[in-house]
Amino acid sequence: MTLHSLDPRAPWVISTHDLGRRPGSMRRISPVLPAPADLAVGMIGVPKDADVELDIRLEAVMEGVLVTGTAQAPLSGECSRCLDPLTSEIEVGFQELFFYSAEDAGEDDLLLDGELLDLEPIFRDAVVLALPLSPVCGEDCPGLCTECGVKLAEAGPDHRHERIDARWASLQGLVVDKKDDQEG
Ligand SMILES: [Zn+2]
Ligand SMILES: [Zn+2]
């Protein structure tokens, strides 16, 4: 349960004034909001200030305002296999009840601040849960060579390293020495 003063000018703060606390009254909004900062997990995230397209239904119920919606946001990050930069998109859905009164709300519930509610924490939670832990530039990305770190997509399927057994390595040395003797 969080109760803090919201800034009505903050982009993610929405007024529920139109609903008038009448159970059943409903409003649909589709704002495009700037992505909040630090919205990333590991190698991928939503760039700060990127356009987030929301489609939200605000519905007054007895205890508060039910917020149901979807958000679409661009992603940018790195491929976890080949480390190339990658861009993608994410769509998340969420539903959250903002309570009018702390008396009705439980420990982890959200509260309205007067007629205001803050969409940012519910968007943030939904995105963090949906972000891929190991983003890839393509499902078939072969990644990097574990021996030399070269990008396998560029090195080609024949890229490999000769593994020479230590005993053979010394024999090779003998052959080379012999050749040197002949030349010298
Ligand atoms: Zn890749
Ligand atoms: Zn290699």
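Me: How many salt bridges are there, by the rule used here?

Reply: Eight salt bridges, counted in a predicted model. The rule asks for a Lys or Arg side-chain nitrogen within 4 Å of an Asp or Glu carboxyl oxygen.

Me: What makes D18 and R27 a salt bridge?

Reply: Their closest N and O atoms are 3.3 Å apart. The cut-off is within 4 Å, so the pair of D18 and R27 qualifies.

Me: And is R27 buried, exposed or partly exposed, and how do you know?

Reply: R27 has 22% relative accessibility. Buried means under 20% and exposed means over 50%, so R27 falls in between and is called partly exposed.

Me: Why is K48 called exposed or buried, whichever applies?

Reply: K48 sits at 54% relative accessibility. Exposed begins over 50%, so K48 counts as exposed. K48 also forms a salt bridge with D49, with the closest N and O atoms 3.3 Å apart.

Me: What label does D49 get, then?

Reply: Partly exposed, because its relative accessible area is 49% and exposed needs over 50%.

Me: What separates R124 and E120 along their helix?

Reply: About one helical turn, because R124 and E120 are four residues apart in helix α1, residues 120-130. They form a salt bridge, the closest N and O atoms being 3.3 Å apart. As for accessibility, R124 is at 23% and E120 at 24%. Partly exposed lies between the buried and exposed limits, under 20% and over 50%, so R124 gets that label, and so does E120.

Me: Which residues are linked in a network of salt bridges?

Reply: D84, K151 and E154.

Me: On to the metal. How do you know which residues coordinate the zinc ion (ligand 2)?

Reply: A donor atom has to be N, O or S within 2.8 Å of this metal. C145 and C148 each offer SG, H159 and H161 each offer NE2, and the distances run from 2.0 to 2.3 Å, so these atoms count as donors. In sequence the donor residues are spaced C-x2-C-x10-H-x1-H.

Me: Why is the site of the zinc ion (ligand 2) called tetrahedral?

Reply: Its four donor atoms make angles of 106 to 111 degrees. Four donors count as tetrahedral if all angles lie between 85 and 135 degrees, so the site of the zinc ion (ligand 2) passes. The ideal angle for four tetrahedral donors is 109.5 degrees.

Me: What are the two histidines, H159 and H161, called in terms of accessibility?

Reply: H159 is at 26% and H161 at 31%. Buried would need under 20% and exposed over 50%, so H159 is partly exposed, and H161 is partly exposed too.

Notes: Residues numbered from 1 in each chain as written. Chains lettered and ligands numbered in written order. Predicted model: local features only at pLDDT ≥ 70, side-chain atom pairs only at ≥ 80, totals over all residues. Heavy atoms only, no water. Donors = N, O, S within 2.8 Å, 3.2 Å for Na, K, Ca; no water. Tetrahedral: all angles 85-135°; square planar, octahedral: opposite > 155°, others 65-115°. Buried < 20%, exposed > 50% of the residue type's maximum accessible area, 1.4 Å probe, protein only. Helix = DSSP H or I, 4+ residues; strand = E, 2+ residues; numbered from the N terminus.
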